[in-house]
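Work through these short exercises with the structure open. Try each task before you read its solution.

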Amino acid sequence: MKNNLYQFIIAFFVLLTFNGAAKAQDENTATEAKINQLIKKLTLEEKIAMLHANSIFTTSGVDRLGIPGLSTDDGPLGVREDLSSNGGWESAYLTTDSATFFPNGSALAATWNPSLANSYGVALGEEARARNKDIILAPAFNIARTPLCGRTYEYYSEDPFLNAQLAVAAVKGIQSQHVAACVKHFALNNQETDRGRVNVEVSERALREIYLPAFKASIQQGNAWTIMSAYNKFRGEYCSENSYLLNTVLREEWGFKGIVISDWGGTHSTVNAANNGLDVEMGSRPPYENYYFAKPLLDSVKAGIVSEKTIDEKVRRILWVIYKTSLNSNRPAGSINTRAHSKTVYDIASESIVLLKNENHLLPLQMDKLKTIAVIGDNAIHKFQSEGFGAGVKAKYEITALQGLQNALGKSVAIKFAQGYNAPKTGSKNYNEHVNSPDSTLIKEAVNTARNCDVAILFIGGNRDYESESRDRKDLGLPFGEQALVDAITAVNANTIVVVIGGAPYDINKIKKDNHTIVWSWYNGSEGGNALADVLSGKVNPSGKLPFTFPVALKESPAHFLNTFPGENLTADYKEGILVGYRWYDTKKITPLYPFGYGLSYTTFSYSGLQTDKKSYLVNQTITATIKVKNTGKFAGKETVQLYVGMPGSSIERAEKELKAFKKVMVAAGQQVIVALSIPVKSLAYYDEQNRKWVVEPGDYKLFAGTSSQDIKATSIISVNSENK
Ligand code: BGC
């Protein structure tokens with residue numbers, strides 16, 4: 001009887017799934033028929049008008065056939081404010097275009113929590129809908145190859161696996177709202193210096209293993225509907241006209257069906273770009289009718305150098321995206337600046353903050369013992385929503401660190417503030433004066449404030465002008481004379497807590513040596529200050545882990561060690577190959593300042609009993625590893641278990657280990673949980689350049705379970721056999 005019931009239930013669900021799939025298939029066929037009809041009705045002129053910008057963020061539709069144009073906007077920090085219709089980047093000065101400011105990319109990555117990346121995507125998608133945008137130019141996830149890259153804060157990580165997990169989750173979230181994600185920048189836009197001209201040379205193996213995985217996953221698993229070609233060249237061809245990247249890899253190998261959009265002003269030809277895979281040319285400088293994909297494209301079709309079939313394919317892709325977005329009947333209305341979105345920002349921010357050092361257990365703050373807190377530093381009052389060259393947000397509100405502390409603690413303690421240093425904007429009158437040198441008057445004032453307080457919380461670091469799109473940092477040094485401020489405050493207040501706010505690694509060697517308490521925070525969005533205050537007060541136990549390595553010295557990081565940044569004669573040769581980020585430091589036995597994956601908690605965790613479900617596997621099987629994680633401290637806390645894999649006896653060059661799985665778990669004080677992690681054996685493959693395919697080498701592999709790439713708690717060996725053994 002029971003068996004029959006089960007059979008019935010199973011049959012019911014199979015039928016339901018089958019029906020769902022059949023319905024989706026019907027819809028696809030109906031859409032395809034509509035697209036075919038429209039393409040037949042469109043004139044060549046109308047088609048061409050759909051392939052280029054008609055204003056800074058939009059393209060034309062065709063009114064007579066009910067085809068809307070595409071409305072895009074940046075991303076990734078939130079839906080950017082609207083711009084004036086005169087062309088150029090001037091604001092439209094509307095009062096209706098404020099939005100939620102989301103934490104920056106490396107903050108999201110520091111959560112090591114793909115479900116938060118998904119919530120980010122959903123909220124961003126909802127806001128884009130509410131602002132009537134069809135495509136949001138996000139997420140951005142080029143690999144952090146050099147810590148100097150001006151866009152490190154926007155991107156996620158130096159690791160392709162962490163990168164891919166977050167990218168897929170973000171894309172799915174955005175598109176759940178019938179807004180197209182535009183994954184960017186495809187590909188190898190790993191530096192801003194000469195980004196519009198530099199040619200990247202990289203081995204096929206490093207391309208496949210390091211730089212492409214997140215793009216591939218966002219297309220194949222995330223099903224991203226649009227992608228942005230990068231500014232730079234790759235193997236001698238601009239990415240916007242790179243047939244290998246766009247036609248061979250993206251379309252033929254990965255099966256991408258959506259639109260390739262150029263980066264703004266990143267198109268360099270008509271015929272090559274049209275034939276080599278670009279669909280839409282965007283840019284910010286009118287007149288738009290002179291764009292490569294405007295009149296010159298029309299002329300090229302008429303002259304027979306670009307076929308009308310090629311144009312039809314581009315229009316087909318655009319219509320395909322339009323039917324998923326603006327013409328989709330399931331499209332929700334969206335919502336903006338909601339409490340739920342603020343909560344998403346708060347959740348990401350509070351899981352992103354990394355506790356670097358807490359030697360004296362000064363954190364969490366012991367509120368019953370505190371009467372006065374000195375809050376020092378410009379970053380305590382700095383707003384990060386919109387500065388520098390890159391896309392920002394006109395945030396509905398942004399809680400600074402000082403406001404956050406006042407909100408959380410202001411009733412029970414006296415909070416005194418001093419600015420401590422000046423942070424002028426790049427190019428401003430007193431920039432050179434302040435970028436490298438301390439301001440002795442401000443330091444004196446800050447010392448006086450800090451001297452008599454129970455605790456001094458010192459906010460230093462970068463900002464979104466200092467770390468910016470279109471330029472790379474010159475070095476890793478702290479700007480604005482901040483080190484002198486740290487030294488001066490530390491000398492007068494033994495309870496100094498240093499909070500560094502930044503989106504990329506900085507040189508904090510001296511702080512690590514001299515200071516007992518260090519917290520790392522990010523450009524953490526509208527709720528950044530509240531989340532930070534809750535971490536300092538202990539309401540939130542920090543669980544962020546670094547998504548990239550902090551080197552002791554810049555010259556020890558791979559691209560700099562090999563002198564391949566920013567390249568010579570406009571060529572950046574990625575000589576480090578696959579040894580990017582921790583893969584380099586581990587393999588070369590270089591101890592970094594803070595390793596990839598590092599981050600402390602107010603509690604402690606012990607690991608034991610690493611086990612795998614079997615000892616030997618075939619290529620199509622999955623390794624399930626389990627490990628016990630015990631919370632041995634007094635606070636409940638989240639821990640991210642990281643599972644790396646290496647192959648010490650490999651016949652080819654390998655990194656010592658590579659991240660292949662991770663899981664973030666909540667563990668109550670005194671409790672133990674068993675964490676299970678799965679690794680498909682196929683993901684152990686390397687890219688065989690000669691045979692142009694992924695190969696899983698048979699033999700023994702070493703599993704490393706740890707709390708960071710350097711703090712390995714347990715190892716285990718498994719073997720992989722080829723099928724015919
Ligand atoms: C950036 C893109 C951005 C575009 C539009 C370009 O400068 O590289 O990431 O989406 O501008 O603002």
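**Exercise 1.** Find how much accessible surface the protein has, and what share belongs to carbon and sulfur atoms.

*Solution.* The model is predicted, so every value here is computed from it. Start with the total: the accessible surface comes to about 27900 Å². Then take the share: 50% of that surface belongs to carbon and sulfur atoms. Now look inside. Of the 725 residues, 61% count as buried.

**Exercise 2.** Decide how the radius of gyration of the protein compares with the globule rule.

*Solution.* First, count the elements: the protein has 20 helices and 27 strands. Next, take the radius of gyration, which is 26 Å. The globule rule gives 27 Å for 725 residues. The two values are close, so the protein is as compact as a globular protein of that length. Finally, check the box: the C-alpha atoms fill roughly 80 × 70 × 60 Å along the principal axes.

**Exercise 3.** Is L108 buried or exposed?

*Solution.* Locate the residue: L108 lies in helix α3, residues 105–110. Read its relative accessibility, which is 2%. The cut-off for buried is under 20%. L108 therefore counts as buried. Now list its contacts, leaving out residues up to four places away in sequence: L108 touches L116, A117, Y120, Y156, L166 and I348. Take I348. It sits 240 residues from L108 along the chain, yet their C-alpha atoms are separated by 6.3 Å.

**Exercise 4.** Which residues of helix α8 are buried?

*Solution.* Helix α8 spans residues 243–253. Its buried residues are Y244, L245, L246, N247, V249, L250 and R251. Then step past the helix: G255 follows α8, with a positive phi near 75 degrees.

How values were computed: Residues are numbered from 1 along each chain as its sequence is written. This is a predicted model: local features need pLDDT of at least 70, side-chain atom pairs count only at pLDDT 80 or more; totals for chains, interfaces and linings use all residues. Side-chain values use heavy atoms; hydrogens and water are left out. Helices (H or I, at least four residues) and strands (E, at least two) are DSSP runs, numbered from the N terminus. The radius of gyration is taken over C-alpha atoms; the globule rule is 2.2 Å times the number of residues to the power 0.38. Buried means under 20% relative accessible area, exposed over 50%, partly exposed in between (1.4 Å probe, protein chains only). Accessible areas come from the Shrake-Rupley method with a 1.4 Å probe; for residues, only the protein chains shown count as cover. Contact means heavy atoms within 4.5 Å.
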